[in-house]
Amino acid sequence: MDGLLLDSERIVQRSWNEAGAKLGIPHLGEHIRHTLGLNRKARNEYFKNAFGTDFPLEEFNRMTSAIFFSIVENTGIPLKPGAKELLEYAKEHGFKIAAATSSGREYAVKELADAGIWRYFDGGVFGDMIENTKPDPEIYLKACECVRTNPCECLALEDSPAGIRSAYAAGLKVIAVPDLVQPDDEVLALTYRKLDTLHEVIPLLKEE
């Protein structure tokens with residue numbers, strides 16, 4: 001969802017930089033590149049490992065949340081190019097659509113609904129519904145289950161290396177549409193295609 005359908009990762013990065021500046025940790029937003037695709041629990045573990053147990057995690061989460069939602073309240077979260085067109089095409093042509101996002105359910109559903117695209121989804125699995133975050137395959141296996149579809153018959157769209165690994169391990173065909181981080185050669189080898197925008201996915205669906 002974040003970074004694939006919604007152009008939200010840059011807002012998160014900005015909130016981390018602003019919070020980091022107040023905490024005396026410059027360029028904290030650069031660390032988002034190491035946490036893409038992780039749920040809150042795994043992200044918290046990353047910060048403990050990167051900055052030590054003295055890192056003010058609760059204060060940081062509180063500050064970044066306030067900054068993020070202040071920005072969103074003023075500007076909203078833009079859709080990524082081609083997102084709505086792709087979802088409309090998929091729905092009109094009978095594809096089952098599931099969200100497999102590391103974001104929590106309450107946040108994810110609200111933001112997808114506010115963007116006007118939650119109505120296209122047949123189901124979803126969220127970061128607070130799983131034990132193991134991406135790159136573990138759990139979230140994609142459960143997403144396939146929720147729309148009663150075999151993973152080998154599914155196509156995953158992913159922007160992050162952790163998400164690509166997760167979908168591939170679950171047995172899905174993976175299309176990479178990178179956002180903040182480009183996949184390296186090892187991750188790229190796990191993908192079916194690498195595309196620049198979601199606009200390019202529709203021609204591939206026509207081939208399915």
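In strand β5, R193 is the bridge partner of I175. The structure is a predicted model, and this pairing is a convenient place to enter it. Two strands, β4 (residues 173–176) and β5, are joined by 2 bridges and run parallel. On to β3: 4 bridges link β3 to β4, and these two also run parallel. Taken together, 3 strands make an open sheet in the order β3-β4-β5, with parallel pairing. The edges of this sheet are β3 (155–158) and β5 (193–194), each of which pairs on one side only.

The side chains of β3 can be followed next. In a regular strand the side chains alternate between the two faces of the sheet. Along β3, A156 and E158 point to one face and are buried, while L155 and L157 point to the other face and are not buried. E158 stands opposite A176 in β4. A176 has a relative accessibility of 0% and therefore counts as buried. Apart from neighbours within four places in sequence, the contacts of A176 are E158, I164, T191, R193, K194 and L195. R193, the bridge partner of I175, is thus named again among the contacts of A176.

E158 also leads to a lysine. The side chains of E158 and K134 are joined by a polar contact of 2.8 Å. K134 is located in the loop between β2 (123–126) and α6 (138–146). Is K134 buried or exposed? With a relative accessible area of 5%, K134 is buried. Its side chain has a further polar partner, the backbone oxygen of A100, at 3.0 Å. Setting aside residues up to four places away in sequence, K134 touches G37, L38, A100, T101, S102, I139, Y140, E158, A162, G163 and S166.

Two of those contacts, I139 and Y140, belong to the buried part of α6. In that helix E138, I139, Y140, A143 and C144 are buried. An α-helix has 3.6 residues a turn, so residues three or four places apart point the same way. What do the buried residues of α6 pack against? They pack against β1 (98–101), β2, β3 and α7 (161–170). Just after α6, R148 takes a positive phi of about 50 degrees.

C144 raises the matter of disulfides. A disulfide is a covalent bond between the sulfur atoms of two cysteines. The count of disulfides in this model is 0. For C144 the nearest cysteine sulfur is that of C154, 3.7 Å away, and C144 is in no disulfide. The cut-off is a pair of sulfur atoms within 2.5 Å. C154 is likewise in no disulfide, its nearest cysteine sulfur being that of C144. C144 is buried, with a relative accessible area of 4%. C154 is buried as well, with a relative accessible area of 15%.

The nonpolar interior comes next. In soluble globular proteins, nonpolar side chains tend to be buried together. The largest nonpolar core has 47 residues, of which L5, F47 and L198 touch the most other members. Helices α1, α2, α3, α4 (83–92), α5 and α9 (201–207) each supply at least two residues of this core. Which helix gives the most to this core? That helix is α3, with 7 residues. L198 is in contact with L4, L5, P81, G82, A83, L86, L157 and V177, leaving aside neighbours within four places in sequence. A second, separate core has 17 residues, including A100, Y140, A156 and V187. Of these, A100 and Y140 were met above as residues that K134 touches.

Helix α3 (residues 57–75) remains to be described. α3 has 19 residues and reaches 27 Å from its first C-alpha to its last, close to the 27 Å expected at 1.5 Å a residue. The buried residues of α3 are L57, F60, N61, M63, T64, I67, F68, I71 and V72. The cover over these buried residues includes α1 (9–23), α2 (40–51) and α5 (105–114). G76 follows α3 and has a positive phi, near 75 degrees. G76 also gives a link back to the sheet: G76 and A176 are 100 residues apart in sequence and 25 Å apart in space, C-alpha to C-alpha. A176 itself lies in strand β4, where it stands opposite E158.

Definitions and conventions:
Residues numbered from 1 in each chain as written. Predicted model: local features only at pLDDT ≥ 70, side-chain atom pairs only at ≥ 80, totals over all residues. Heavy atoms only, no water. Buried < 20%, exposed > 50% of the residue type's maximum accessible area, 1.4 Å probe, protein only. Polar contact = N/O pair within 3.5 Å; in protein donor to acceptor, adjacent residues only side chain to side chain. Contact = heavy atoms within 4.5 Å. Expected span 1.5 Å × (residues − 1). Core = buried A, V, L, I, M, F, W, Y, C linked by side-chain atoms within 4.5 Å. Pairing = 2+ DSSP bridges.
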